[in-house]
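The exercises below are meant to be worked through with the sequence and the model side by side. Try each task before reading its solution.

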Amino acid sequence: STLINSFPQQSSVTAVIVPGQPALTVSFTQLSNDIRKCQRKLAALGITHESAVSIVLLNSCKFIVSFLAASWQRGIAAPLNPNYKQSEVEFYIDDLLSSLALVPKGAFAANAPSVRATRKYRGSKSRTKPRMTEARK
């Protein structure tokens with residue numbers, strides 16, 4: 001069995017509950033739809049078998065969807081702590097040879113450490129040239 005087959009994709013049963021006011025409740029059907037949508041976007045960005053995707057998102061439904069979409073695309077889902085310093089993000093991007101960095105919405109405008117780290121590799125003669133995109137709904 002593969003990860004894509006590990007849970008019911010057409011079920012109204014709750015798959016994820018994200019605490020908050022109000023709490024976010026996501027069914028398996030909605031989760032599967034969101035994962036497939038994200039997977040198609042990753043494929044359009046060139047993510048393929050063994051492509052590393054650095055996921056620099058807080059624990060959230062977006063994180064779950066991104067992590068599973070990268071896995072369903074047969075890529076390497078690499079979660080990074082959004083509180084890492086630029087040097088720490090640089091280390092992991094280089095070590096993983098990341099193809100893509102997913103950063104929180106607003107990270108570009110805030111010039112977050114993850115954005116600065118990815119930009120450094122985009123403009124260098126490094127062996128990796130990760131693309132970067134902000135997470136959206």
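**Exercise 1.** What is the mean pLDDT of the chain, and what percentage of its residues reach 70 or more? Then find where confidence is lowest and where it is highest.

*Solution.* Begin with the whole chain of this predicted model: the mean pLDDT is 89, and 88% of the residues reach 70 or more. Next, go down to single elements, where strand β6 (residues 131-134) has the lowest confidence, with a mean of 67, while strand β4 (residues 76-79) has the highest, at 97. Where pLDDT is low, the predicted coordinates should not be read in detail.

**Exercise 2.** Which residues of the largest nonpolar core touch the most other members, and which element gives the largest share of this core?

*Solution.* This core has 24 residues, of which Phe7, Leu31, Ile35, Leu42, Val53 and Ile55 touch the most other members. At least two core residues come from each of β1 (14-18), α1 (28-44), β3 (52-55), α2 (61-72) and β5 (100-103), and the largest share, 7 residues, is supplied by α2. Taking Leu31 as an example, and leaving aside residues up to four places away in sequence, its contacts are Phe7, Ala15, Val16, Val26, Ile64 and Val65. Another core, of 10 residues, lies apart from this one and includes Val56, Leu80, Val89 and Val115.

**Exercise 3.** How many bridges join β1 to strand β2, and which residue in β2 is the bridge partner of Ile17?

*Solution.* Strand β2 covers residues 24-27 and runs antiparallel to β1, to which 4 bridges join it. Within this pairing, Ile17 has Thr25 of β2 as its bridge partner. Finally, look at the connection: β1 and β2 form a hairpin, with 5 residues between the two strands.

Methods
Residues are numbered from 1 along each chain as its sequence is written. This is a predicted model: local features need pLDDT of at least 70, side-chain atom pairs count only at pLDDT 80 or more; totals for chains, interfaces and linings use all residues. Side-chain values use heavy atoms; hydrogens and water are left out. pLDDT is the predictor's confidence in each residue, from 0 to 100. A nonpolar core is a set of buried Ala, Val, Leu, Ile, Met, Phe, Trp, Tyr and Cys residues joined through side-chain atoms within 4.5 Å. Buried means under 20% relative accessible area, exposed over 50%, partly exposed in between (1.4 Å probe, protein chains only). Contact means heavy atoms within 4.5 Å. Two strands pair if DSSP finds at least two bridges between them.
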